[in-house]
Structure formats: structure tokens, C-alpha cells
Amino acid sequence: MAFYYKLYIIHYRLAVAVALALLFAGAARAQPAKLDMAWPTPNTAFMQGRGIEAYIQPTASGVTTSGLYGGTRNGGRRFHEGIDLMPTLRDTRDEPLDAIFAVLPGVVRHINLVPGNSNYGRYIVIEHPGVSPAVYSLYAHLSAAQPGLRAGDTVARGQRIATMGRSSDVIAIPKSRAHLHFELGVRLTDNFQPWYDAQNFSGKNKHGVWNGMNLMGFDPLDFFSKWRTGAAPDFRAYFARMKPAVRVRYVTRTVPDFTRRYPALLTKPVPPGGVGGWEIQFNETGIPFAWTPLGATEIVGIAGEARIVWKDDAILKAWRCKSLVLNQRGAPVPGRDLRTVLGLIFGQ
Ligand SMILES: [Zn+2]
């Protein structure tokens with residue numbers, strides 16, 4: 001009896017162990033696969049897990065963090081929308097020679113070869129329809145694009161697209177600080193030109209919808225870090241981890257092209273009867289990362305009205321480089337940067 005009892009216990013334990021193993025295997029399978037990504041330069045320091053001093057190019061301040069994303073400049077007041085990556089190779093005249101690689105497969109959307117036409121200098125934008133949301137990657141201050149590369153070309157992950165440089169419009173970048181300015185982000189609108197025309201800027205828009213004003217970068221190093229550890233194996237997971245700084249209720253019957261371009265950012269489908277507005281969550285830099293459509297009966301107000309329904313004061317205070325919320329007679333109203341994003345997305 002005792003023998004069979006023991007055998008029973010062993011079998012029982014074995015069965016539990018097998019069940020648990022199957023359960024964990026199932027959970028592992030349910031995890032999205034980690035994207036195949038390339039680093040945009042030949043520098044292997046990040047992938048090896050070395051410190052930022054080994055790959056981030058600081059500004060003239062010499063402070064390494066000044067080359068990072070965010071309010072990293074002018075005492076936190078100036079926003080830097082990407083990361084600056086230093087060269088690893090130079091020619092006899094000390095100019096950078098590093099190849100620049102596409103980080104993911106994608107479609108070349110824009111190549112600007114006239115440095116004076118943008119503060120990005122020579123730059124290339126690639127859109128990545130194979131990932132969701134279909135983010136863009138941007139490579140700036142190039143010395144040259146890869147010969148023969150044209151807008152509309154498809155590129156493979158790790159394909160050489162350019163050579164690192166220090167091209168810019170008005171602010172000269174010295175040889176010693178040559179770098180790649182690298183961005184990952186989302187594009188706000190298909191109707192950029194009417195918005196641009198309404199702003200009365202002095203110069204012409206020479207970059208179509210790929211003008212930097214229409215592009216919103218998130219922190220590429222934060223993404224790459226969470227991707228490397230598996231905390232955010234893809235962009236959908238990365239956006240799902242974003243924290244709201246502001247929640248806005250916006251009155252409109254419009255379904256903006258932004259939500260059609262990035263359907264992964266919808267919290268639920270657009271109702272067949274159309275919308276009366278949106279509840280939009282913005283992260284600390286004003287990226288509209290979560291969109292909830294509201295039915296016509298769920299929201300009242302004048303079209304174009306943006307009401308702040310929730311805000312995180314600690315986050316807003318920490319991000320002084322962005323003006324998302326202002327106080328108007330004791331009530332929170334959208335600040336300059338939030339109004340710009342809403343204006344671009346909804347065409348107002
Ligand atoms: Zn930069």
C-alpha cells in the first residue's frame with residue numbers, strides 16, 4: 001500500500017511538473033517574437049551592453065547625456081528628438097566614414113541631399129510597414145546617401161543607406177562632433193502642406209509630409225534597451241508601456257489619418273456610426289499613443305474643443321522642454337506643443 005501510495009505521489013508530482021512546463025511553454029509562445037533589428041552604425045558598443053560614453057556623441061558641452069533624447073540640453077529646456085551617435089572610423093582628413101544602416105526592413109520615403117534645406121542637413125526617412133505601429137526611422141547630418149538610393153526603394157534590415165557626416169543648415173557641426181542624428185517615431189498627418197501654409201513660415205516646405213515638424217520621435221535608446229531585454233519585444237509592446245502625461249477629450253466627427261495609419265494605437269474599433277470625438281492619451285513629450293473613439297452621445301461640445309480631463313503633474317513638471325498644459329484662470333488648457341500636435345492631426 002505504502003509503495004503504491006509513494007508511486008502515486010511521484011506520478012502526481014510528475015504530472016504537475018509536466019502541466020506547469022506546458023503552461024510556461026504556452027506562455028512563452030504567446031509572447032510576441034522579438035523584432036529583428038540592426039543598430040544604425042557599425043559601433044557595436046550598445047549591443048555589447050557598454051556605457052553610453054562608448055557611442056553617444058555629446059554637444060559642445062562635452063556632457064555625454066546631451067546627446068541623448070529628451071530635455072537634455074540648455075538645463076533641460078531644449079528638447080532633442082533623437083540620439084546622436086559618434087563615428088568609429090575617420091579618413092585622413094578626420095571626416096567620419098561610418099556606414100549608416102537601415103534598422104529594419106522598410107521603404108525609403110524621403111531623401112534630402114541639400115544640407116541648407118533642413119536643420120537635419122542631408123537626411124533620409126524610412127517607413128517600416130512591416131511593423132505595427134508602422135514607425136519611421138530617420139538618419140540625419142549625413143555626408144552622402146548611398147549612390148542610387150531613391151525614394152520609393154525598399155531596403156533590407158542592415159542595408160547600407162548612407163555615410164555618416166556633419167551636414168546641417170545654419171549651425172555648423174565641427175569635425176570633432178560629427179555624428180548620426182537618429183530618430184524613431186510616428187508621422188502626424190497626410191495633410192501637412194495646408195497646415196504648413198497656415199503657419200506663415202518664411203521658407204517653403206521642401207520635404208512634403210516628411211518635414212521634421214510632422215514627425216514625432218520617441219526615445220530610440222529607451223526603445224532599443226527595452227527591446228534588447230525583451231521588456232518591449234516590438235513597437236506595439238513599447239507603445240503599450242507608455243505612460244500618459246495628459247488625457248484630452250477632443251470634439252470632432254473626424255477620424256484622422258493618424259488613426260488609420262497606426263490602428264494599433266486604437267483602444268477599441270471606430271464605431272460604424274462614426275465618432276463624436278476622441279479621448280487621447282499623450283505621453284510626456286506629447287506623442288498621442290492611445291486613442292479611444294467616443295460615440296456622438298458620449299461627448300458634448302463645440303467641434304475643435306480640447307478638454308484636459310486628466311494630467312500627471314509630476315511628469316509635466318519633469319518635462320519642462322515641452323509645453324503640454326497651461327493654467328488659464330485656474331483651469332488646465334492645452335499648451336503650445338499639445339496645440340501643435342492636435343492642429344496637425346485634425347488639420348486645425
Ligand atoms: Zn541630434
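Q: Two strands pair if DSSP finds at least two bridges between them; what makes β14 and β15 count as paired?

A: In this predicted model, six bridges join β14 to β15, and since the definition asks for at least two, the two strands meet it and are called a pair. They run antiparallel, and one point where they face each other is Gln281, which stands opposite Ala290 in β15. The hairpin that these strands form has five residues between them, and there Gly286 takes a positive phi near 90°.

Q: How do you know that β13 pairs with β14 and with β16?

A: The same test of at least two bridges applies: six bridges join β13 to β14, while five bridges join β13 (residues 246–251) to β16, and both counts satisfy it. Each of these pairings is antiparallel. On the side of β14, Arg247 stands opposite Gln281, whereas on the side of β16 the bridge partner of Tyr250 is Ala306.

Q: Which strands of the open sheet are called edge strands, and why?

A: The sheet has four strands in the order β15-β14-β13-β16, and its edge strands are β15 (288–294) and β16 (306–311), because each pairs on one side only. From one strand to the next, the twist averages 20°.

Q: What makes helix α7 a neighbour of this sheet, and how is the helix directed relative to β14?

A: Contact requires heavy atoms within 4.5 Å, and helix α7 (residues 336–346) packs on the sheet by touching β13, β14, β15 and β16, with a direction that makes about 135° with that of β14.

Q: Is β14 largely enclosed or open, and how do you know?

A: Five of the six residues of β14 are buried, so the strand is largely enclosed by the rest of the structure.

Q: Why is His80 called buried or exposed?

A: A residue is buried when its relative accessible area is under 20%, and His80, at 5% relative accessibility, therefore counts as buried. His80 lies in strand β2 (residues 78–80), and among the residues in contact with it, beyond its neighbours within four places in sequence, are Tyr69, Arg73 and His181.

Q: What makes His80, Asp84 and His181 donors of the zinc ion?

A: A donor atom must lie within 2.8 Å of this metal, and His80 (NE2), Asp84 (OD) and His181 (ND1) coordinate the zinc ion at 2.0 to 2.1 Å, which satisfies that cut-off. Along the chain, the donors follow the spacing H-x3-D-x96-H.

Q: How do you know that the side chains of His80 and Asp84 make a polar contact?

A: The limit for such a pair of atoms is 3.5 Å, and the polar contact between these two side chains, at 3.2 Å, falls within it. The side chain of His80 also reaches the backbone oxygen of Gly82 at 3.0 Å.

Technical notes
Residues are numbered from 1 along each chain as its sequence is written. This is a predicted model: local features need pLDDT of at least 70, side-chain atom pairs count only at pLDDT 80 or more; totals for chains, interfaces and linings use all residues. Side-chain values use heavy atoms; hydrogens and water are left out. Helices (H or I, at least four residues) and strands (E, at least two) are DSSP runs, numbered from the N terminus. Axes are lines fitted to C-alpha atoms, for helices over the stretch in contact, and angles run from 0 to 180 degrees between N-to-C directions. Buried means under 20% relative accessible area, exposed over 50%, partly exposed in between (1.4 Å probe, protein chains only). Donors are N, O and S atoms within 2.8 Å of the metal (3.2 Å for Na, K and Ca); water is not among the atoms, so sites may look incomplete. A polar contact is a pair of N or O atoms within 3.5 Å; within protein, one must be able to donate a hydrogen and the other to accept it, and residues adjacent in sequence count only if both atoms are side-chain atoms.
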